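Dear colleague,

I am handing over the structure we talked about, so please open it and keep it in view while you read the notes underneath.

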Amino acid sequence: MTQAEIKLCSLLLQEHFGEIVEKIGVHLIKTGSQPLRVIVHDTGTSLDQVKKALCVLIQHNLVIYQVHKRGVVEYEAQCSRVLRMLRFPRYIYTTKALYGDTGELIVEELLLNGKMTMSAVVKKVADRLTDTMEDGKTMDYAEVSNTFVQLADTRFVQRCPMVHAPENSDTGPPPPAPSLVVNEKDMYLVPKLSLIGKGKRRRSSDEDAAGEPKAKKPKRTTDNKEPTPDDGIYWQTNLDRFHQHFRDQAIVNAVANRMDQTSSEIVRAMLRMSEVTTSSDAPFTQPLSSNEIFRSLPVGYNISKQVLDQYLTLLADDPLEFVGKSGDSGGGMYVINFHKALASLATATLESVIQERFGSRCARIFRLVLQKKHLEQKQVEDFAMIPAKEAKDMLYKMLSENFISLQEIPKTPDHAPSRTFYLYTVNVLSAARMLLHRCYKSVTNLIERRQFETKENKRLLEKSQRVEAIIASVQATGAEEAQLQEIEEMITAPERQQLETLKRNVNKLDASEIQVDETIFLLESYIESTMKKQ
(Lines give C-alpha, C1' and ligand atoms only; values in the text may rest on other atoms or scores of the structure.)
Protein backbone atom coordinates (compact mmCIF):
# COMPACT_ATOMS: atom_id res chain seq x y z
CA MET A 1 0.00 0.00 0.00
CA THR A 2 1.31 3.43 -0.97
CA GLN A 3 0.94 6.48 1.29
CA ALA A 4 -1.69 7.91 -1.06
CA GLU A 5 -3.83 4.76 -0.74
CA ILE A 6 -3.47 4.68 3.07
CA LYS A 7 -4.50 8.37 3.29
CA LEU A 8 -7.53 7.73 1.05
CA CYS A 9 -8.53 4.66 3.12
CA SER A 10 -8.24 6.79 6.28
CA LEU A 11 -10.54 9.50 4.87
CA LEU A 12 -13.13 6.97 3.64
CA LEU A 13 -13.23 5.08 6.96
CA GLN A 14 -13.55 8.32 8.92
CA GLU A 15 -16.32 9.62 6.66
CA HIS A 16 -18.36 6.41 6.86
CA PHE A 17 -17.71 5.08 10.39
CA GLY A 18 -16.04 7.75 12.55
CA GLU A 19 -12.68 8.22 14.24
CA ILE A 20 -12.39 5.03 16.35
CA VAL A 21 -13.11 2.64 13.43
CA GLU A 22 -10.78 4.71 11.22
CA LYS A 23 -7.98 4.44 13.82
CA ILE A 24 -8.28 0.63 14.08
CA GLY A 25 -8.71 0.17 10.30
CA VAL A 26 -5.69 2.30 9.35
CA HIS A 27 -3.56 0.55 12.01
CA LEU A 28 -4.41 -2.84 10.45
CA ILE A 29 -3.71 -1.51 6.94
CA LYS A 30 -0.27 -0.27 8.00
CA THR A 31 0.79 -3.27 10.13
CA GLY A 32 -0.89 -6.23 8.40
CA SER A 33 -2.57 -9.04 10.38
CA GLN A 34 -2.58 -8.52 14.17
CA PRO A 35 -4.13 -10.32 17.18
CA LEU A 36 -6.62 -8.46 19.37
CA ARG A 37 -4.32 -7.75 22.34
CA VAL A 38 -1.61 -6.26 20.06
CA ILE A 39 -4.19 -3.96 18.39
CA VAL A 40 -5.37 -2.77 21.83
CA HIS A 41 -1.78 -2.14 22.99
CA ASP A 42 -0.52 -0.42 19.81
CA THR A 43 -3.52 1.87 19.28
CA GLY A 44 -3.99 2.77 22.97
CA THR A 45 -7.73 2.14 22.61
CA SER A 46 -9.86 0.30 25.19
CA LEU A 47 -10.61 -3.40 24.60
CA ASP A 48 -14.36 -2.77 24.34
CA GLN A 49 -13.94 -0.06 21.68
CA VAL A 50 -11.51 -2.21 19.64
CA LYS A 51 -13.98 -5.12 19.73
CA LYS A 52 -16.84 -2.89 18.57
CA ALA A 53 -14.69 -1.36 15.81
CA LEU A 54 -13.63 -4.83 14.57
CA CYS A 55 -17.30 -5.94 14.60
CA VAL A 56 -18.18 -2.98 12.36
CA LEU A 57 -15.27 -3.66 9.99
CA ILE A 58 -16.05 -7.41 9.77
CA GLN A 59 -19.76 -6.67 9.22
CA HIS A 60 -18.84 -4.54 6.20
CA ASN A 61 -16.27 -7.06 4.84
CA LEU A 62 -13.42 -4.61 5.45
CA VAL A 63 -11.57 -6.96 7.83
CA ILE A 64 -11.17 -10.74 7.78
CA TYR A 65 -9.99 -12.99 10.61
CA GLN A 66 -7.96 -16.17 10.62
CA VAL A 67 -7.26 -18.75 13.36
CA HIS A 68 -3.62 -19.82 13.52
CA LYS A 69 -2.32 -23.22 14.68
CA ARG A 70 -1.58 -21.92 18.18
CA GLY A 71 -5.22 -20.84 18.55
CA VAL A 72 -4.55 -17.11 18.14
CA VAL A 73 -7.08 -15.17 16.08
CA GLU A 74 -5.51 -12.53 13.83
CA TYR A 75 -7.36 -9.73 12.03
CA GLU A 76 -6.36 -8.42 8.62
CA ALA A 77 -7.67 -5.35 6.75
CA GLN A 78 -8.97 -5.65 3.18
CA CYS A 79 -7.48 -2.49 1.65
CA SER A 80 -9.04 -2.97 -1.80
CA ARG A 81 -12.48 -3.33 -0.22
CA VAL A 82 -12.02 -0.08 1.74
CA LEU A 83 -11.18 1.76 -1.50
CA ARG A 84 -14.38 0.35 -3.06
CA MET A 85 -16.42 2.59 -0.72
CA LEU A 86 -15.51 5.39 -3.12
CA ARG A 87 -17.60 3.58 -5.75
CA PHE A 88 -20.79 3.19 -3.66
CA PRO A 89 -22.73 5.98 -5.51
CA ARG A 90 -21.90 4.32 -8.83
CA TYR A 91 -23.13 0.90 -7.66
CA ILE A 92 -26.40 2.44 -6.46
CA TYR A 93 -26.92 4.48 -9.63
CA THR A 94 -26.26 1.42 -11.84
CA THR A 95 -28.89 -0.61 -9.96
CA LYS A 96 -31.38 2.25 -10.28
CA ALA A 97 -30.83 2.32 -14.06
CA LEU A 98 -31.29 -1.47 -14.34
CA TYR A 99 -33.98 -2.23 -11.72
CA GLY A 100 -35.61 1.08 -10.81
CA ASP A 101 -36.11 2.64 -7.37
CA THR A 102 -36.74 -0.70 -5.63
CA GLY A 103 -33.45 -2.21 -6.82
CA GLU A 104 -31.64 1.02 -5.94
CA LEU A 105 -32.86 0.92 -2.32
CA ILE A 106 -32.09 -2.81 -1.93
CA VAL A 107 -28.45 -2.30 -2.95
CA GLU A 108 -28.23 0.91 -0.89
CA GLU A 109 -29.42 -0.93 2.26
CA LEU A 110 -26.96 -3.78 1.69
CA LEU A 111 -24.06 -1.35 1.16
CA LEU A 112 -24.97 0.70 4.24
CA ASN A 113 -25.45 -2.34 6.51
CA GLY A 114 -22.83 -4.70 5.07
CA LYS A 115 -24.86 -7.90 5.55
CA MET A 116 -28.62 -8.34 5.96
CA THR A 117 -31.23 -11.10 5.71
CA MET A 118 -33.57 -10.96 2.74
CA SER A 119 -36.67 -10.49 4.92
CA ALA A 120 -35.07 -7.51 6.75
CA VAL A 121 -34.07 -5.87 3.44
CA VAL A 122 -37.53 -6.37 1.90
CA LYS A 123 -39.35 -4.90 4.93
CA LYS A 124 -37.02 -1.91 5.25
CA VAL A 125 -37.16 -1.08 1.52
CA ALA A 126 -40.97 -1.45 1.45
CA ASP A 127 -41.23 0.96 4.42
CA ARG A 128 -38.92 3.49 2.74
CA LEU A 129 -40.85 3.34 -0.55
CA THR A 130 -44.19 3.66 1.28
CA ASP A 131 -42.88 6.83 2.99
CA THR A 132 -42.31 8.46 -0.40
CA MET A 133 -45.73 7.48 -1.83
CA GLU A 134 -48.93 9.48 -1.72
CA ASP A 135 -51.32 9.01 1.20
CA GLY A 136 -53.33 5.80 0.90
CA LYS A 137 -50.72 4.04 -1.27
CA THR A 138 -48.34 1.39 0.06
CA MET A 139 -45.62 -0.87 -1.33
CA ASP A 140 -46.20 -4.64 -1.28
CA TYR A 141 -43.51 -6.87 0.25
CA ALA A 142 -44.03 -9.27 -2.68
CA GLU A 143 -43.05 -6.60 -5.22
CA VAL A 144 -39.80 -5.79 -3.39
CA SER A 145 -39.14 -9.52 -2.97
CA ASN A 146 -39.45 -10.06 -6.76
CA THR A 147 -36.84 -7.36 -7.43
CA PHE A 148 -34.53 -8.99 -4.86
CA VAL A 149 -34.92 -12.33 -6.70
CA GLN A 150 -34.01 -10.60 -10.00
CA LEU A 151 -30.86 -9.12 -8.42
CA ALA A 152 -29.88 -12.58 -7.13
CA ASP A 153 -30.59 -14.20 -10.53
CA THR A 154 -28.32 -11.68 -12.27
CA ARG A 155 -25.76 -12.12 -9.43
CA PHE A 156 -25.68 -8.50 -8.26
CA VAL A 157 -26.36 -9.78 -4.72
CA GLN A 158 -25.04 -13.01 -3.21
CA ARG A 159 -25.16 -15.01 0.01
CA CYS A 160 -22.53 -14.44 2.68
CA PRO A 161 -20.36 -17.35 3.87
CA MET A 162 -22.15 -19.30 6.60
CA VAL A 163 -20.79 -20.60 9.91
CA HIS A 164 -19.56 -24.16 9.54
CA ALA A 165 -20.91 -26.38 12.30
CA PRO A 166 -18.42 -29.15 13.22
CA GLU A 167 -19.76 -32.70 13.27
CA ASN A 168 -18.45 -33.59 16.75
CA SER A 169 -19.62 -30.45 18.49
CA ASP A 170 -20.00 -32.16 21.90
CA THR A 171 -16.37 -33.23 22.26
CA GLY A 172 -13.67 -30.72 23.08
CA PRO A 173 -13.74 -26.97 23.68
CA PRO A 174 -15.30 -24.64 21.08
CA PRO A 175 -12.95 -23.10 18.47
CA PRO A 176 -11.56 -19.61 19.24
CA ALA A 177 -13.40 -18.23 16.17
CA PRO A 178 -16.11 -19.71 13.92
CA SER A 179 -15.01 -20.97 10.49
CA LEU A 180 -17.01 -19.68 7.52
CA VAL A 181 -17.76 -21.80 4.45
CA VAL A 182 -19.08 -20.82 1.03
CA ASN A 183 -21.40 -23.18 -0.81
CA GLU A 184 -20.97 -22.32 -4.52
CA LYS A 185 -24.27 -23.99 -5.49
CA ASP A 186 -26.37 -22.01 -3.01
CA MET A 187 -24.57 -18.67 -3.43
CA TYR A 188 -27.40 -17.14 -5.50
CA LEU A 189 -30.25 -19.39 -4.25
CA VAL A 190 -33.03 -17.25 -2.79
CA PRO A 191 -34.89 -18.83 0.16
CA LYS A 192 -38.62 -19.40 -0.37
CA LEU A 193 -40.30 -16.78 1.77
CA SER A 194 -43.99 -16.00 1.90
CA LEU A 195 -43.63 -12.34 2.77
CA ILE A 196 -47.18 -11.04 3.05
CA GLY A 197 -47.77 -7.44 3.99
CA LYS A 198 -47.23 -3.86 2.99
CA GLY A 199 -44.75 -1.16 3.91
CA LYS A 200 -45.56 1.01 6.95
CA ARG A 201 -45.17 4.75 7.26
CA ARG A 202 -43.02 6.18 10.03
CA ARG A 203 -45.81 8.42 11.28
CA SER A 204 -49.17 6.79 10.74
CA SER A 205 -52.32 8.59 11.93
CA ASP A 206 -53.27 5.67 14.22
CA GLU A 207 -50.01 5.89 16.17
CA ASP A 208 -50.26 9.66 16.52
CA ALA A 209 -53.86 9.42 17.73
CA ALA A 210 -52.95 6.80 20.31
CA GLY A 211 -50.46 9.22 21.84
CA GLU A 212 -48.35 6.34 23.10
CA PRO A 213 -44.79 7.11 24.28
CA LYS A 214 -42.23 5.93 21.72
CA ALA A 215 -40.25 3.97 24.31
CA LYS A 216 -43.20 1.63 24.97
CA LYS A 217 -43.81 0.58 21.37
CA PRO A 218 -40.76 -1.66 20.79
CA LYS A 219 -41.28 -3.50 24.09
CA ARG A 220 -44.76 -4.60 23.07
CA THR A 221 -43.69 -5.89 19.64
CA THR A 222 -40.43 -7.64 20.52
CA ASP A 223 -41.80 -9.95 23.24
CA ASN A 224 -43.63 -12.29 20.86
CA LYS A 225 -41.40 -11.90 17.82
CA GLU A 226 -40.88 -15.19 15.98
CA PRO A 227 -37.67 -16.00 14.07
CA THR A 228 -38.00 -15.45 10.31
CA PRO A 229 -37.69 -18.47 7.95
CA ASP A 230 -34.43 -17.07 6.48
CA ASP A 231 -32.84 -16.44 9.89
CA GLY A 232 -29.06 -16.93 9.57
CA ILE A 233 -29.01 -16.55 5.74
CA TYR A 234 -27.31 -13.21 5.12
CA TRP A 235 -26.84 -11.39 1.82
CA GLN A 236 -24.27 -8.88 0.51
CA THR A 237 -23.61 -7.00 -2.72
CA ASN A 238 -21.46 -8.79 -5.30
CA LEU A 239 -18.98 -6.04 -6.21
CA ASP A 240 -17.21 -8.24 -8.80
CA ARG A 241 -20.48 -8.48 -10.76
CA PHE A 242 -20.83 -4.69 -10.73
CA HIS A 243 -17.23 -4.36 -11.95
CA GLN A 244 -17.98 -6.82 -14.75
CA HIS A 245 -20.94 -4.65 -15.76
CA PHE A 246 -18.79 -1.47 -15.70
CA ARG A 247 -16.11 -3.17 -17.84
CA ASP A 248 -18.72 -4.36 -20.36
CA GLN A 249 -20.24 -0.86 -20.58
CA ALA A 250 -16.80 0.66 -21.17
CA ILE A 251 -16.13 -1.81 -24.01
CA VAL A 252 -19.55 -1.14 -25.62
CA ASN A 253 -19.02 2.65 -25.43
CA ALA A 254 -15.50 2.32 -26.91
CA VAL A 255 -16.84 0.28 -29.87
CA ALA A 256 -19.66 2.82 -30.41
CA ASN A 257 -17.14 5.70 -30.48
CA ARG A 258 -14.75 3.87 -32.81
CA MET A 259 -17.32 2.43 -35.25
CA ASP A 260 -21.06 2.95 -34.90
CA GLN A 261 -24.13 2.12 -32.80
CA THR A 262 -24.86 -1.15 -34.64
CA SER A 263 -21.38 -2.52 -33.88
CA SER A 264 -21.80 -1.63 -30.20
CA GLU A 265 -25.19 -3.41 -30.07
CA ILE A 266 -23.62 -6.56 -31.54
CA VAL A 267 -20.83 -6.44 -28.93
CA ARG A 268 -23.44 -5.78 -26.20
CA ALA A 269 -25.39 -8.88 -27.31
CA MET A 270 -22.19 -10.97 -27.16
CA LEU A 271 -21.39 -9.69 -23.67
CA ARG A 272 -24.92 -10.44 -22.43
CA MET A 273 -24.68 -14.00 -23.74
CA SER A 274 -21.37 -14.44 -21.90
CA GLU A 275 -22.46 -12.97 -18.53
CA VAL A 276 -23.27 -16.38 -17.00
CA THR A 277 -20.98 -18.65 -19.09
CA THR A 278 -17.79 -16.59 -18.59
CA SER A 279 -16.23 -15.76 -15.20
CA SER A 280 -15.53 -12.09 -14.43
CA ASP A 281 -11.74 -12.59 -14.45
CA ALA A 282 -11.50 -14.62 -17.70
CA PRO A 283 -9.29 -13.09 -20.46
CA PHE A 284 -11.79 -14.11 -23.22
CA THR A 285 -15.50 -14.85 -23.50
CA GLN A 286 -16.62 -18.34 -24.49
CA PRO A 287 -16.68 -18.72 -28.32
CA LEU A 288 -20.05 -17.62 -29.77
CA SER A 289 -21.28 -18.60 -33.22
CA SER A 290 -22.63 -16.07 -35.70
CA ASN A 291 -26.02 -17.85 -35.63
CA GLU A 292 -26.25 -17.59 -31.81
CA ILE A 293 -25.38 -13.88 -31.92
CA PHE A 294 -28.02 -13.29 -34.61
CA ARG A 295 -30.72 -15.00 -32.49
CA SER A 296 -29.78 -13.02 -29.36
CA LEU A 297 -29.95 -9.55 -30.97
CA PRO A 298 -32.68 -7.30 -29.46
CA VAL A 299 -36.19 -7.76 -30.86
CA GLY A 300 -37.03 -5.09 -33.42
CA TYR A 301 -33.36 -4.51 -34.28
CA ASN A 302 -33.67 -4.80 -38.05
CA ILE A 303 -30.40 -6.32 -39.21
CA SER A 304 -30.05 -9.23 -41.62
CA LYS A 305 -27.76 -12.23 -41.10
CA GLN A 306 -25.58 -11.13 -44.03
CA VAL A 307 -25.10 -7.63 -42.58
CA LEU A 308 -24.32 -9.14 -39.15
CA ASP A 309 -21.57 -11.33 -40.69
CA GLN A 310 -20.09 -8.24 -42.37
CA TYR A 311 -20.06 -6.36 -39.06
CA LEU A 312 -18.47 -9.32 -37.25
CA THR A 313 -15.76 -9.55 -39.94
CA LEU A 314 -15.15 -5.81 -39.62
CA LEU A 315 -14.86 -6.09 -35.82
CA ALA A 316 -12.50 -9.08 -36.07
CA ASP A 317 -10.25 -7.25 -38.60
CA ASP A 318 -10.03 -4.08 -36.48
CA PRO A 319 -6.43 -3.39 -35.27
CA LEU A 320 -7.59 -2.94 -31.65
CA GLU A 321 -8.73 -6.62 -31.62
CA PHE A 322 -11.67 -6.16 -29.24
CA VAL A 323 -13.35 -9.05 -31.11
CA GLY A 324 -11.40 -12.08 -32.33
CA LYS A 325 -12.33 -15.00 -34.60
CA SER A 326 -11.68 -18.45 -33.11
CA GLY A 327 -13.24 -20.81 -35.70
CA ASP A 328 -15.47 -21.23 -38.75
CA SER A 329 -18.23 -23.53 -37.45
CA GLY A 330 -21.78 -22.18 -37.01
CA GLY A 331 -21.18 -19.34 -39.47
CA GLY A 332 -17.97 -18.36 -37.64
CA MET A 333 -17.00 -18.45 -33.95
CA TYR A 334 -16.19 -15.13 -32.26
CA VAL A 335 -14.81 -14.11 -28.85
CA ILE A 336 -14.33 -10.79 -27.05
CA ASN A 337 -10.74 -10.27 -25.89
CA PHE A 338 -11.07 -8.52 -22.53
CA HIS A 339 -7.33 -8.08 -22.02
CA LYS A 340 -6.83 -6.33 -25.40
CA ALA A 341 -9.91 -4.18 -24.78
CA LEU A 342 -8.71 -3.08 -21.33
CA ALA A 343 -5.19 -2.44 -22.67
CA SER A 344 -6.64 -0.20 -25.42
CA LEU A 345 -8.82 1.70 -22.92
CA ALA A 346 -5.87 2.19 -20.52
CA THR A 347 -3.64 3.41 -23.39
CA ALA A 348 -6.36 5.82 -24.55
CA THR A 349 -6.58 7.16 -20.97
CA LEU A 350 -2.81 7.76 -20.88
CA GLU A 351 -2.94 9.53 -24.28
CA SER A 352 -5.80 11.73 -23.07
CA VAL A 353 -3.88 12.72 -19.91
CA ILE A 354 -0.75 13.56 -21.93
CA GLN A 355 -2.76 15.64 -24.41
CA GLU A 356 -4.42 17.61 -21.59
CA ARG A 357 -1.16 18.21 -19.71
CA PHE A 358 1.44 18.66 -22.45
CA GLY A 359 -0.53 19.35 -25.65
CA SER A 360 -1.32 17.53 -28.90
CA ARG A 361 2.32 17.40 -30.10
CA CYS A 362 3.39 15.47 -27.01
CA ALA A 363 0.44 13.10 -27.52
CA ARG A 364 1.62 12.56 -31.12
CA ILE A 365 5.13 11.64 -29.91
CA PHE A 366 3.67 9.32 -27.23
CA ARG A 367 1.51 7.50 -29.81
CA LEU A 368 4.50 7.24 -32.15
CA VAL A 369 6.79 5.70 -29.49
CA LEU A 370 3.96 3.37 -28.43
CA GLN A 371 3.45 2.21 -32.01
CA LYS A 372 7.14 1.79 -32.95
CA LYS A 373 8.11 0.22 -29.54
CA HIS A 374 11.69 1.65 -29.49
CA LEU A 375 12.93 4.89 -31.05
CA GLU A 376 16.06 7.04 -30.83
CA GLN A 377 15.69 10.79 -30.37
CA LYS A 378 16.62 11.51 -34.01
CA GLN A 379 14.02 9.00 -35.24
CA VAL A 380 11.34 10.63 -33.05
CA GLU A 381 12.13 14.03 -34.60
CA ASP A 382 11.96 12.62 -38.14
CA PHE A 383 8.82 10.50 -37.74
CA ALA A 384 6.86 13.11 -35.75
CA MET A 385 8.03 15.94 -38.05
CA ILE A 386 8.76 18.20 -35.07
CA PRO A 387 11.87 20.45 -34.77
CA ALA A 388 14.75 18.88 -32.81
CA LYS A 389 14.68 21.35 -29.90
CA GLU A 390 10.90 21.01 -29.36
CA ALA A 391 10.97 17.21 -29.68
CA LYS A 392 13.81 17.01 -27.17
CA ASP A 393 11.95 19.21 -24.64
CA MET A 394 8.75 17.16 -25.02
CA LEU A 395 10.56 13.84 -24.64
CA TYR A 396 12.31 15.03 -21.48
CA LYS A 397 9.03 16.38 -20.06
CA MET A 398 7.32 12.99 -20.50
CA LEU A 399 10.44 11.18 -19.27
CA SER A 400 10.55 13.25 -16.07
CA GLU A 401 6.85 12.51 -15.46
CA ASN A 402 7.43 8.75 -16.04
CA PHE A 403 5.06 8.50 -19.02
CA ILE A 404 7.89 7.18 -21.20
CA SER A 405 11.16 5.49 -20.23
CA LEU A 406 14.71 5.43 -21.61
CA GLN A 407 16.45 2.16 -22.39
CA GLU A 408 20.25 1.98 -22.76
CA ILE A 409 21.76 -0.58 -25.16
CA PRO A 410 25.62 -0.43 -24.94
CA LYS A 411 27.80 -1.59 -27.86
CA THR A 412 30.74 -2.18 -25.48
CA PRO A 413 30.91 -3.40 -21.86
CA ASP A 414 32.16 -0.04 -20.56
CA HIS A 415 28.79 1.71 -21.25
CA ALA A 416 30.54 4.68 -22.88
CA PRO A 417 27.90 7.27 -23.97
CA SER A 418 29.42 7.58 -27.46
CA ARG A 419 29.04 3.82 -27.97
CA THR A 420 25.54 3.40 -26.48
CA PHE A 421 22.10 3.48 -28.09
CA TYR A 422 19.51 5.47 -26.10
CA LEU A 423 16.02 4.27 -27.03
CA TYR A 424 12.74 5.79 -25.89
CA THR A 425 9.98 3.29 -25.10
CA VAL A 426 6.58 3.18 -23.37
CA ASN A 427 5.98 0.74 -20.52
CA VAL A 428 2.17 0.94 -20.41
CA LEU A 429 1.91 -1.09 -17.18
CA SER A 430 4.40 1.16 -15.35
CA ALA A 431 2.75 4.34 -16.69
CA ALA A 432 -0.70 3.02 -15.67
CA ARG A 433 0.53 2.35 -12.13
CA MET A 434 2.00 5.84 -11.90
CA LEU A 435 -1.24 7.41 -13.14
CA LEU A 436 -3.31 5.26 -10.75
CA HIS A 437 -1.19 6.55 -7.85
CA ARG A 438 -1.87 10.13 -8.97
CA CYS A 439 -5.60 9.39 -9.22
CA TYR A 440 -5.61 8.24 -5.58
CA LYS A 441 -3.89 11.51 -4.63
CA SER A 442 -6.47 13.49 -6.64
CA VAL A 443 -9.43 11.80 -4.91
CA THR A 444 -7.83 12.39 -1.50
CA ASN A 445 -7.46 16.11 -2.34
CA LEU A 446 -11.07 16.30 -3.54
CA ILE A 447 -12.44 14.70 -0.35
CA GLU A 448 -10.30 16.97 1.85
CA ARG A 449 -11.46 20.02 -0.09
CA ARG A 450 -15.12 18.98 0.26
CA GLN A 451 -14.68 18.47 4.02
CA PHE A 452 -12.97 21.88 4.32
CA GLU A 453 -15.81 23.63 2.41
CA THR A 454 -18.43 21.98 4.64
CA LYS A 455 -16.53 22.80 7.84
CA GLU A 456 -16.06 26.45 6.85
CA ASN A 457 -19.82 26.84 6.34
CA LYS A 458 -20.93 24.62 9.23
CA ARG A 459 -22.83 27.38 11.09
CA LEU A 460 -24.71 28.42 7.95
CA LEU A 461 -25.62 24.81 7.08
CA GLU A 462 -26.96 24.19 10.61
CA LYS A 463 -29.06 27.37 10.39
CA SER A 464 -30.44 26.28 7.00
CA GLN A 465 -31.37 22.84 8.39
CA ARG A 466 -33.15 24.43 11.39
CA VAL A 467 -35.16 26.73 9.10
CA GLU A 468 -36.11 23.79 6.85
CA ALA A 469 -37.23 21.78 9.90
CA ILE A 470 -39.38 24.70 11.14
CA ILE A 471 -40.98 25.12 7.68
CA ALA A 472 -41.74 21.38 7.48
CA SER A 473 -43.40 21.33 10.92
CA VAL A 474 -45.40 24.51 10.20
CA GLN A 475 -46.55 23.15 6.81
CA ALA A 476 -47.83 19.99 8.55
CA THR A 477 -50.11 22.14 10.73
CA GLY A 478 -51.46 23.98 7.65
CA ALA A 479 -49.80 27.39 7.97
CA GLU A 480 -50.51 30.31 5.65
CA GLU A 481 -48.20 31.42 2.82
CA ALA A 482 -47.30 34.69 4.58
CA GLN A 483 -46.17 32.81 7.69
CA LEU A 484 -43.98 30.47 5.61
CA GLN A 485 -42.43 33.43 3.78
CA GLU A 486 -41.62 35.08 7.11
CA ILE A 487 -39.77 31.95 8.27
CA GLU A 488 -37.86 31.71 4.98
CA GLU A 489 -36.65 35.31 5.44
CA MET A 490 -34.70 34.16 8.51
CA ILE A 491 -31.96 33.33 5.98
CA THR A 492 -30.76 36.62 4.45
CA ALA A 493 -30.05 37.11 0.73
CA PRO A 494 -26.21 37.05 1.15
CA GLU A 495 -26.52 33.84 3.22
CA ARG A 496 -28.74 32.26 0.57
CA GLN A 497 -26.20 33.18 -2.11
CA GLN A 498 -23.41 31.69 0.03
CA LEU A 499 -25.42 28.45 0.38
CA GLU A 500 -25.93 28.28 -3.39
CA THR A 501 -22.17 28.74 -3.98
CA LEU A 502 -21.39 26.01 -1.42
CA LYS A 503 -23.91 23.63 -3.00
CA ARG A 504 -22.46 24.27 -6.47
CA ASN A 505 -18.88 23.70 -5.26
CA VAL A 506 -19.75 20.50 -3.38
CA ASN A 507 -21.63 19.14 -6.42
CA LYS A 508 -18.59 19.84 -8.61
CA LEU A 509 -16.29 18.07 -6.15
CA ASP A 510 -18.64 15.06 -5.94
CA ALA A 511 -18.86 14.83 -9.75
CA SER A 512 -15.05 15.06 -9.98
CA GLU A 513 -14.69 12.19 -7.47
CA ILE A 514 -16.92 9.97 -9.61
CA GLN A 515 -15.05 10.91 -12.82
CA VAL A 516 -11.64 10.18 -11.26
CA ASP A 517 -13.01 6.87 -9.94
CA GLU A 518 -13.96 5.88 -13.52
CA THR A 519 -10.30 6.36 -14.50
CA ILE A 520 -9.21 4.41 -11.39
CA PHE A 521 -11.51 1.53 -12.37
CA LEU A 522 -10.10 1.32 -15.92
CA LEU A 523 -6.48 1.43 -14.75
CA GLU A 524 -7.07 -1.11 -11.95
CA SER A 525 -8.84 -3.48 -14.35
CA TYR A 526 -5.99 -3.23 -16.88
CA ILE A 527 -3.27 -3.79 -14.22
CA GLU A 528 -5.15 -6.77 -12.76
CA SER A 529 -5.70 -8.29 -16.22
CA THR A 530 -2.00 -7.83 -17.15
CA MET A 531 -0.76 -9.37 -13.90
CA LYS A 532 -2.97 -12.43 -14.41
CA LYS A 533 -1.72 -12.85 -17.96
CA GLN A 534 1.91 -12.73 -16.83
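The notes below go through a record entry, one helix, the nonpolar cores and some salt bridges.

Please keep in mind that this is a predicted model. In UniProt, an unreviewed entry lists residues 350–426 as "domain: DNA-directed RNA polymerase III subunit RPC3 winged-helix"; in the model this span is 56% helix and 16% strand, and its end C-alpha atoms lie 11 Å apart.

Helix α12 (residues 261–277) allows a simple check, because 17 residues at 1.5 Å a residue should span 24 Å, and the end C-alpha atoms are 25 Å apart, which agrees. Among the buried residues of α12 are I266, A269 and L271.

In the largest nonpolar core, which has 102 residues, W235, I365, M398 and Y526 touch the most other members. Helix α19 (residues 428–456) gives the largest share of this core, 12 residues. Another core, of 26 residues, lies apart from it and includes V252, I266, A269 and I336.

The structure also holds 28 salt bridges. In one of them, the closest N and O atoms of D48 and K52 are 3.3 Å apart, and since these residues are 4 apart in helix α4 (residues 47–59), about one helical turn separates them. A further salt bridge joins E401 and R357, with the closest N and O atoms 3.4 Å apart; E401 lies in the loop between α18 and β12 and R357 in helix α15, so the pair ties together parts that are 44 residues apart in sequence. Finally, E15, R450, D510 and E513 are linked in a network of salt bridges.

With best wishes

How values were computed:
Residues numbered from 1 in each chain as written. Predicted model: local features only at pLDDT ≥ 70, side-chain atom pairs only at ≥ 80, totals over all residues. Heavy atoms only, no water. UniProt positions renumbered as here; feature names shortened; annotations may be inferred. Helix = DSSP H or I, 4+ residues; strand = E, 2+ residues; numbered from the N terminus. Expected span 1.5 Å × (residues − 1). Buried < 20%, exposed > 50% of the residue type's maximum accessible area, 1.4 Å probe, protein only. Core = buried A, V, L, I, M, F, W, Y, C linked by side-chain atoms within 4.5 Å. Salt bridge = Lys/Arg side-chain N within 4 Å of Asp/Glu carboxyl O.
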